[in-house]
Amino acid sequence: MKKSIVYCLLVVCLGFSFSACDKEDDYLVIDTRTYSVQQSMLKVWLEYLCSSECEGRKSGTVGNERAREYIVSELKRMSYAPLMQEAVDEQKRTYYNIIVHAGGDESRPTIVIGAHYDGAVESSNYPAANDNASGVASLLLLAHMLADSDTDFPYNYQLVFFDGEETQTGGTSFNGSRFFVSALEEPPLFYLNIDMIGNAEMLHRIETTSDYLADCVLKIGEKYERLELEVDNKIVKYSQDFVPFDAVDIPVFTWKNPLNSNQGKYNHTPEDQLKYLSLEKMEIITNINFELITYPFSEDIYKNNRSTRD
């Protein structure tokens, strides 16, 4: 616990050192009524990932490498031992997934949680704040929560920061996650995808291929009254890192922009900036994710209608 307190203080202090505001009008809005230590940690990570040093985090760029080195350094601060997984696409381009193991004994069932850290090809030098610095910061906070807990978790966790999610020249997408799935020795219980969770509107959509997971998250979400959940137990559009997992019948659960909302209008544009994000919303979603991956599941988790196809 002392280590955790020191780490939190260090992260908060670092917040005064980094300046993400390449433009004076791009800044994270602080709500003093809800501001917390968790939000201050999210703020620090977001500010660096969206800074000019990271140049939009496009795969294969210096900015992407800087973001990767930063994520690794933060995980090491939490006492993790990050693994680097190289993935190569059809055009021989290399991507780098960052993997850490957390939680329970590795002999226990595994849950994989992922977020892509690369920015869109057309977002070079853009902040790429919501897509997907928001998911990366949330996954870093989740890593911190797992490392800081004394709980004997019932599951083993793989936290993966994927590279190459965004469509590359030549039309290839999900390059890091595709390689990760191809290298799996055993399928996990399910895959939890964290992408574009930061927009300030207190409404967000969840899509999952598991009826049971949909029911579980609805129960968890009841206590978080500030966030309105739009839940669907099917995947509407195949557009994120969950695609390779779903292709091999691994149940997936993903956060997405609501269907009748303009929350994603700034993605892949220069306007995908910090000022449109909500630290409170990101904190709530991260806590829901923590409760979901530590939930006492009483049933087997499988894709909808699996029994009728088998």
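## A pair to start from

Let's begin with one contact inside the sheet: Ile206 has Trp255, in S8, as its bridge partner. The strands behind this pair are S6, residues 203-208, and S8, residues 252-256; they run antiparallel and are joined by four bridges. Keep in mind as you look around that this is a predicted model.

## The whole sheet

Where do S6 and S8 sit in the sheet order? Eight strands make up an open sheet, and reading across you meet S1-S2-S4-S3-S5-S8-S6-S7, with mixed pairing. At the edges are strand S1 (83-88) and strand S7 (228-232), each of which pairs on one side only. Going from one strand to the next, the twist averages 20°.

## Helices against the sheet

Helix H3 (residues 62-77) packs on the sheet, where it touches S1, strand S2 (94-103) and strand S4 (156-162). The direction of H3 makes about 15° with that of S2. Helix H5 (residues 175-182) takes another line: it lies across S1, S2, strand S3 (110-116) and S4, and runs at about 105° to S1.

Then there's helix H8, residues 279-293. Its 15 residues should span 21 Å at 1.5 Å a residue, and because its end C-alpha atoms are 21 Å apart, the two figures agree. Is H8 mostly covered or mostly open? Mostly covered: 14 of its 15 residues are buried.

## What fills the inside

The largest nonpolar core has 69 residues, and Ile113, Tyr157 and Phe297 are the ones that touch the most other members. Which helix gives the most to this core? That's helix H4 (residues 129-148), with 11 residues.

Tyr157 is a handy place to zoom in. Leaving aside residues up to four places away in sequence, Tyr157 touches a list that includes Val100, His101, Ala102, Ile111, Ile113, Leu146 and Ile293. Another core, of 14 residues, lies apart from the largest one; among its members are Val160, Phe180, Val181 and Ile235.

## The cysteines

How many disulfides are there? With a cut-off of 2.5 Å between cysteine sulfur atoms, the count comes to zero. Take Cys50: the nearest cysteine sulfur belongs to Cys54 and is 8.2 Å away, and Cys50 is in no disulfide. Seen from the other end, Cys54 is in no disulfide either, with the sulfur of Cys50 as its nearest, 8.2 Å away.

Are these two residues buried or exposed? Cys50 counts as buried because its relative accessibility is 3%, and Cys54 is buried too, with a relative accessible area of 0%.

How values were computed:
Residues are numbered from 1 along each chain as its sequence is written. This is a predicted model: local features need pLDDT of at least 70, side-chain atom pairs count only at pLDDT 80 or more; totals for chains, interfaces and linings use all residues. Side-chain values use heavy atoms; hydrogens and water are left out. Buried means under 20% relative accessible area, exposed over 50%, partly exposed in between (1.4 Å probe, protein chains only). Two strands pair if DSSP finds at least two bridges between them. Helices (H or I, at least four residues) and strands (E, at least two) are DSSP runs, numbered from the N terminus. Axes are lines fitted to C-alpha atoms, for helices over the stretch in contact, and angles run from 0 to 180 degrees between N-to-C directions. Contact means heavy atoms within 4.5 Å. The expected span of a helix is 1.5 Å times one less than its number of residues. A nonpolar core is a set of buried Ala, Val, Leu, Ile, Met, Phe, Trp, Tyr and Cys residues joined through side-chain atoms within 4.5 Å.
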